[in-house]
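Please open the model in your viewer and keep the sequence beside it, so that each selection can be followed in turn.

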Amino acid sequence: MANRDALTLIAEAAKVREHAHAPYSNFQVGAAIRTASGQIFTGCNVENVAYPQGTCAEAGAIAAMVAAGQRVIAEVAVIAGADKPVPPCGGCRQKLMEFADENVPVTMATMDGEQKTMTMAELLPGAFDQSFLD
Ligand code: THU
């Protein structure tokens, strides 16, 4: 059972999922990020006829967060109309890790109410980070 904060975030992700532009996969995804300041930013997947140009829901939420001047992710929710909770793709795990520490919870939800929560460290073990550049 997800906590109340996660449920709020899932509800926001479900709302923005309605705006997904996914005519090619027909797979609508919504994502919501809560920042350390308590603000919530959302995004949906935006596909393109030139397929590789499409963007994931998580990327949209991250872009909205950064555009608003926020950079610290405290919690993430992702929702899609699948049989089981859909995890962020590999690229989005790296994108989230840019602004989230390893303990940040990512709750994945289905439209039927199934939920699964994993930490960023569980989703992206052995992440490439700034320490390799130092
Ligand atoms: N997608 C997301 O938006 N987020 C994920 O975590 C998984 C996949 C999108 C990309 C594409 O528009 C569609 O789902 C099918 O892959």
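**A walk across the sheet**

Begin by selecting strand 3 (73-80) and strand 4 (residues 105-110), which run parallel and are joined by 5 bridges; strands here are DSSP runs of E with at least two residues, helices are runs of H or I with at least four, both numbered from the N terminus, and two strands pair if DSSP finds at least two bridges between them. This is a predicted model, in which local features need pLDDT of at least 70, side-chain atom pairs count only at pLDDT 80 or more, and totals for chains, interfaces and linings use all residues. Residues are numbered from 1 along each chain as its sequence is written, and side-chain values use heavy atoms, with hydrogens and water left out.

Zoom in on alanine 80, whose bridge partner in strand 4 is threonine 110. Staying on strand 4, colour its residues by burial: 5 of the 6 are buried, meaning under 20% relative accessible area with a 1.4 Å probe and protein chains only.

Next add strand 5 (115-119), which runs antiparallel to strand 4 and is joined to it by 5 bridges. Here valine 106 has methionine 118 as its bridge partner, while threonine 107 stands opposite threonine 117. The two strands form a hairpin with 4 residues between them, and glycine 113 in the turn has a positive phi of about 95°.

Now show the whole open sheet, whose 5 strands follow the order 2-1-3-4-5 with mixed pairing. Strand 2 (40-44) and strand 5 stand at the edges with a single partner strand each, so one side of each is left without a neighbour in the sheet.

Key. Contact = heavy atoms within 4.5 Å. Axes fitted to C-alpha atoms, helices over the stretch in contact; angles between N-to-C directions. Buried < 20%, exposed > 50% of the residue type's maximum accessible area, 1.4 Å probe, protein only.
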